[in-house]
Amino acid sequence: MEKNLKKFIQHVCIDKDISVSELARRLATTPQNFNQKLGRESLTWKDLQQIADALDCRLDVNFEPNEKSSDAQSEE
């Protein structure tokens with residue numbers, strides 16, 4: 001998974017064959033404002049859900065233990 005949220009969203013746009021500008025329009029904002037928000041990485045959970053909806057995707061956030069953490073738990 002991409003560490004940088006902006007790059008991740010850009011990759012999804014490429015996969016969905018839409019531009020980031022088109023995504024911004026689907027979110028009822030200007031491409032400039034949307035790119036600034038992405039650049040600041042100041043997205044809320046609501047923003048992420050709206051982006052997912054606009055991209056016809058499901059928002060799925062997972063916390064998965066590191067291998068070292070799961071090994072430590074199995075020793076208990």
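## Working through a five-helix model

S42 lies in the loop between α3 and α4, and we'll come back to this residue in the second exercise. Helices and strands here are DSSP runs numbered from the N terminus: H or I over at least four residues for a helix, E over at least two for a strand.

A word on the ground rules: this is a predicted model, where local features need pLDDT of at least 70 and side-chain atom pairs count only at pLDDT 80 or more, while totals for chains, interfaces and linings use all residues. Residues are numbered from 1 along each chain as its sequence is written, and side-chain values use heavy atoms, with hydrogens and water left out.

### Exercise 1: Get your bearings

Work out how many helices and strands the protein has, and find which element has the lowest mean pLDDT and which the highest.

Start with the elements. The protein has five helices and zero strands, so its order from the N terminus reads α-α-α-α-α, by the DSSP runs.

Next, look at confidence. pLDDT is the predictor's confidence in each residue, on a scale from 0 to 100. The protein averages 88, and 86% of the residues score at least 70. Helix α5 (residues 67-75) has the lowest mean among the elements, at 61, and α2 has the highest, at 97.

Finally, check burial. A residue is buried under 20% relative accessible area, exposed over 50% and partly exposed in between (1.4 Å probe, protein chains only). Of the 76 residues, 21% count as buried.

### Exercise 2: Follow D47

Find which residues D47 touches, leaving out those up to four places away in sequence, and what kind of link joins D47 to K37.

Place D47 to begin with: you'll find it in helix α4, residues 45-54. Its relative accessibility is 14%, so it counts as buried.

Now list the contacts, meaning heavy atoms within 4.5 Å. D47 touches K37 and S42. Turn it around and S42 touches K37 and D47, again skipping residues up to four places away in sequence. S42 is partly exposed, at 32% relative accessibility.

Then look at the D47 and K37 side chains. They make a polar contact at 3.0 Å. (That term means a pair of N or O atoms within 3.5 Å; within protein, one must be able to donate a hydrogen and the other to accept it, and residues adjacent in sequence count only if both atoms are side-chain atoms.)

The link is also a salt bridge, with the closest N and O atoms 3.0 Å apart. The pair ties distant parts of the chain together: K37 sits in helix α3 and D47 in helix α4, ten residues apart. K37 is partly exposed, with a relative accessible area of 27%.

### Exercise 3: Count the salt bridges

How many salt bridges are there, and which residues are linked in a network of them?

Begin with the rule: a side-chain nitrogen of Lys or Arg lies within 4 Å of a carboxyl oxygen of Asp or Glu. By that rule the count is three.

You've already met K37 with D47. Move on to E22, whose side chain meets that of R25 at 3.5 Å, N to O. Both lie in helix α2, three residues apart, about one turn of the helix.

E22 also pairs with R26, at 3.2 Å from N to O. These two are four residues apart in α2, so about one helical turn separates them. E22 is partly exposed at 27% relative accessibility, and R26 is partly exposed at 43%.

Put the pieces together: E22, R25 and R26 form a salt-bridge network.

### Exercise 4: Cysteines and the core

Why is C13 in no disulfide with C57, and which helices each supply at least two residues of the largest nonpolar core?

A disulfide is a covalent bond between the sulfur atoms of two cysteines. Here it is called when the two sulfurs are within 2.5 Å. The sulfur of C13 is 9.0 Å from the closest cysteine sulfur, that of C57, which is too far for a bond. The structure therefore holds zero disulfides, given that cut-off.

Compare their surroundings. C13 is buried, at 1% relative accessibility, whereas C57 is partly exposed, at 30%.

Now for the core, a set of buried Ala, Val, Leu, Ile, Met, Phe, Trp, Tyr and Cys residues joined through side-chain atoms within 4.5 Å. The largest has 14 residues, and C13 is among those with the most contacts inside it, alongside I9, L23, F34, I51 and L55. Helices α1 (5-16), α2 (20-26), α3 (31-40) and α4 each supply at least two of its residues.

One last step: check L55. Not counting residues up to four places away in sequence, L55 touches V12, C13, K16, I18 and L23.
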